[in-house]
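Welcome, and thanks for pulling up this chain. Let's take a friendly walk through it, with the sequence and the model side by side.

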Amino acid sequence: MNQKRIEFSVGIFILIGIAAILYLAIQIGSSRFFGSDARVIDARFTNVGGLNEGSNVMIAGVKVGLVGDITLDTENLVAMVQLKLHTDLSIYDDAIASIKTNGLIGDKYIALDPGGGGFELEDGEPIVDTEPALDIESLISRFAFGSLEKGD
């Protein structure tokens, strides 16, 4: 009888441990089983060069969200990027989204200036004032082959 009680206790302990590990993995991966704690705003870019799903969205260097789906708008031939942001953020129609790089050849992220005038964007409404990713390879190529404008 005592042996069965020990085996039962060990089994319960292992199940609690597995549940705790799964919970932590979900929290670290920014996934949620119950509901969503993010609002989705779209941003329209002419070039997303190197930006990936799951990249950070930052305001003043502070992480405020993640990049969701990146799709091509075939009608306008622009990249549409979903920004999954904290629900307590207010993003306005004069917001600016810029694709930046951590370091010289680091990961890409979106630097977001939320704006402050005009009306607040609703979920799914696009940010149209964007700055695309800087293509360092083409910039170096133009510099190396002398096609940069003089006097700049």
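Where is the place of Asp129? Asp129 sits in strand β8, which covers residues 129-131. Please keep in mind as you look around that this is a predicted model.

## A negative patch

Asp129 is a good place to begin, as it joins Asp93, Asp94 and Asp113 in forming a negative patch on the surface. With a relative accessible area of 40%, Asp129 counts as partly exposed, because that class lies between the buried limit of 20% and the exposed limit of 50%.

## Overall layout

Now step back to the whole chain. Its secondary structure comes to two helices and eight strands, and the order along the sequence reads α-β-β-β-β-β-β-β-β-α. The radius of gyration is 22 Å, well over the 15 Å that the globule rule gives for 152 residues, so the chain is more spread out than a compact globule.

The C-alpha trace spans about 90 × 40 × 30 Å along its principal axes. Of the 152 residues in the chain, 24% are buried.

## Two salt bridges

Side chains of opposite charge can pair when their charged atoms come close. How many salt bridges does the count come to? The count comes to two.

One of them joins Arg39 and Glu120, whose closest N and O atoms are 3.5 Å apart. This pair links distant parts of the chain: Arg39 belongs to strand β1 (residues 38-45), while Glu120 is in the loop between β6 (108-113) and β7 (126-127), 81 residues apart. Is Arg39 buried or exposed? Arg39 is buried, at a relative accessible area of 8%, whereas Glu120 is partly exposed at 34%.

In the other salt bridge, Lys100 meets Glu131 with an N to O distance of 4.0 Å. Here too distant parts of the chain are linked, with Lys100 in strand β5 (residues 96-101) and Glu131 in strand β8, 31 residues apart. Lys100 is partly exposed at 33% relative accessibility, and Glu131 is also partly exposed, at 37%. Strand β8 is the strand that holds Asp129 as well.

## A nonpolar patch

Which residues make the nonpolar surface patch? Ile6, Val10, Phe13, Ile14, Ile18 and Leu22 make it, and its area is about 610 Å². To find it on your screen, start from Ile6, which is in helix α1 (residues 2-28). Ile6 is partly exposed, with a relative accessible area of 45%.

## Loops worth a look

Most residues other than glycine have a negative phi. Against that background, Ala60 is not a glycine, yet it has a positive phi of about 55°. Ala60 lies in the loop between β2 (56-59) and β3 (62-73), and it is exposed, at 78% relative accessible area.

Leu77 is another residue that is not a glycine but has a positive phi, again about 55°. Leu77 is found in the loop between β3 and β4 (78-86). Is Leu77 buried or exposed? At 64% relative accessibility, Leu77 counts as exposed, because the exposed class begins over 50%.

One more loop residue rounds off the tour: Ile105, in the loop between β5 and β6. Ile105 is exposed, with a relative accessibility of 80%. The C-alpha atoms of Ile105 and Leu134 are separated by 11 Å, and the two residues are 29 residues apart along the chain.

Technical notes
Residues numbered from 1 in each chain as written. Predicted model: local features only at pLDDT ≥ 70, side-chain atom pairs only at ≥ 80, totals over all residues. Heavy atoms only, no water. Patch = residues over 30% accessible without salt bridge, like charges linked within 9 Å, V, L, I, M, F, W, Y side chains within 5 Å. Areas by Shrake-Rupley, 256 points an atom, 1.4 Å probe, with all protein chains shown as cover. Salt bridge = Lys/Arg side-chain N within 4 Å of Asp/Glu carboxyl O. Lys, Arg positive; Asp, Glu negative; His and termini not counted. Charge placed at Lys NZ, Arg CZ, Asp CG, Glu CD. Helix = DSSP H or I, 4+ residues; strand = E, 2+ residues; numbered from the N terminus. Buried < 20%, exposed > 50% of the residue type's maximum accessible area, 1.4 Å probe, protein only. Rg over C-alpha atoms; globule rule 2.2 N^0.38 Å.
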